[in-house]
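Good morning, and thank you for making time for this presentation. I would ask you to look at the sequence and the structure together as I speak.

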Amino acid sequence: MDISFSQISHIIQNRRTTKPGKMNGQRIPDEQIKQLLELADWAPTHGHTEPWRFKVYAGDKVQDFCLAHADLYKKHTNEEKYMQQKYDKLLHMGDQASHVIVAYMQRGNLPKIPALEEIAATSCAIQNLLLGATAFGIASYWGSGGMAYQPPMKEMLHLRDEDVVLGILYLGYADEPAAEGKRTVPLDEKVEWM
C-alpha cells in the first residue's frame, strides 16, 4: 500500500465532529460500515485483549435505539431534574443519521492489564473508525450525553458492570462542509523536550 505522510496527515487534520442534526438522512452502505469496523479492529492492544466492542444500529433500528435511549432518560431521571427538551433531543438525535454505533470496552480476563489501558485501546479503535469515516466523506459525531455513561445504558445493552460505554457514534452524510479546525493551545505549550 502506497500511502504518504501527507495523506494520513490530511485525514487526521480534517476529521471533524458533525452534529447529527446537520446530517442529511442519506444512507451509508453497510459494506462501508463494515470496512470502518475493520479499521477499528486494528487499534493497539496490550496483551492482545482487543477490548473494543460495537453495537451497530442501522435502518429502522436507529430510531428504535433513540427511542430506547430517550425512554431510559425519562425512566431514570428524577422529576426535578427531568427536562422534556433533553428527552426530545435524545429521541430525535438519529433522525438524520444513517447508522448509530455504541462503542464500549469489554473488560478482558487479564487483570494485570489496567482498565485504563483497555479504555485507551477502545478509544484508539473509535478514532480509527472516525478517521476512516473522514476518508470516506462520512460525517461523524462521538456522543457522550444522555444516559451513555449511566448504569441503565449498560443494562439495556446487556453489558457487565466492569464493561464501559465510551460513546454513541452517529454516522451519516452532511450537505455542508465541516467547519475549519482549530487548536486553542499552541503545541509548544503541550510538549516538553527532555
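Let me begin with a definition: the expected span of a helix is 1.5 Å times one less than its number of residues. Helix α5 has 22 residues and should therefore span 32 Å at 1.5 Å a residue; the distance between its end C-alpha atoms is 32 Å, which agrees. Please keep in mind that what you see is a predicted model.

I shall stay with α5, which runs over residues 115-136. Which residues of α5 are buried? They are E118, A121, T122, A125, I126, L129, L130, L131, G132 and A133. As a reminder, an α-helix has 3.6 residues a turn, so residues three or four places apart point the same way. The partners of these buried residues come from several elements: they pack against the helices α1 and α2 and against the strands β1, β2, β3 and β4.

E117 also belongs to helix α5. Its relative accessibility is 33%, and E117 therefore counts as partly exposed, since that class lies between the limits of 20% and 50%. The C-alpha atom of E117 is 27 Å from that of F5, a residue 112 places away along the chain. Just after the helix comes G137, whose phi is positive at about 80 degrees.

I turn next to the largest pocket. It holds about 330 Å³ of space. Its lining is made up of 13 residues, and those closest to the pocket centre are L39, N128, L131, G132 and A135. Three elements give two or more residues each to this lining, namely α1 (5-14), α2 (30-40) and α5. Which of the elements gives the most? That is α5, with 5 residues. As for the character of the lining, 10 of its residues are nonpolar and 3 are polar, while charged residues are absent. Two of the residues closest to the pocket centre, L131 and G132, are also among the buried residues of α5.

Now to the annotations. An unreviewed UniProt entry lists "domain: Nitroreductase" for residues 12-173. In the model, this span is 42% helix and 17% strand, and its end C-alpha atoms lie 18 Å apart.

UniProt, again in an unreviewed entry, places a "binding site" feature at R15, R16, T17, H46, W142, G143 and S144. These positions are spread over 130 residues of sequence and are spread in space as well, with up to 28.4 Å between C-alpha atoms.

Two of the annotated positions deserve a closer look. R16 sits in the loop between α1 and α2. Apart from residues up to four places away in sequence, R16 touches S140, A178, A179, E180 and G181. W142, by contrast, is in strand β3, and is partly exposed with a relative accessible area of 33%. Beyond its neighbours within four places in sequence, W142 is in contact with S123, I126, L130, L166, G167, I168 and L169. Of these partners, I126 and L130 are among the buried residues of α5.

S140 is another residue of strand β3. Is S140 buried or exposed? Its relative accessible area is 2%, and it is therefore buried, the cut-off being 20%. Outside its neighbours within four places in sequence, S140 makes contact with R16, T17, T18, M23, L130, Y170 and L171. Among these partners are R16 and T17, which belong to the UniProt "binding site" positions.

The loop between α1 and α2 also contains P29, which is partly exposed at a relative accessible area of 43%. The C-alpha atoms of P29 and A58 are separated by 9.9 Å, although the two residues are 29 places apart along the chain.

Finally, a word on backbone geometry. Most residues other than glycine have a negative phi. Where does the model depart from this? H48 has a positive phi, near 55 degrees, and is found in the loop between α2 and β1. With a relative accessible area of 67%, H48 is exposed. H158 likewise has a positive phi, of about 60 degrees, although it is not a glycine. H158 is placed in the loop between α6 (151-157) and β4, and its relative accessibility of 72% makes it exposed.

That concludes my presentation, and I thank you for your attention.

Key
Residues are numbered from 1 along each chain as its sequence is written. This is a predicted model: local features need pLDDT of at least 70, side-chain atom pairs count only at pLDDT 80 or more; totals for chains, interfaces and linings use all residues. Side-chain values use heavy atoms; hydrogens and water are left out. On a 1 Å grid over the protein atoms alone, a cavity is a set of points where a 1.4 Å probe fits but cannot get out, and a pocket is an open set with protein on both sides within 12 Å along at least five of seven lines; lining residues have an atom within 4 Å of a point. Grid points are joined across faces, edges and corners, and a volume is the space filled by probe spheres set on the points. Helices (H or I, at least four residues) and strands (E, at least two) are DSSP runs, numbered from the N terminus. Ala, Val, Leu, Ile, Met, Phe, Trp, Tyr, Cys and Pro count as nonpolar, Asp, Glu, Lys and Arg as charged, and the others, Gly among them, as polar. UniProt positions are given in the numbering used here, feature names are shortened, and annotations may be inferred rather than shown by experiment. Buried means under 20% relative accessible area, exposed over 50%, partly exposed in between (1.4 Å probe, protein chains only). Contact means heavy atoms within 4.5 Å.
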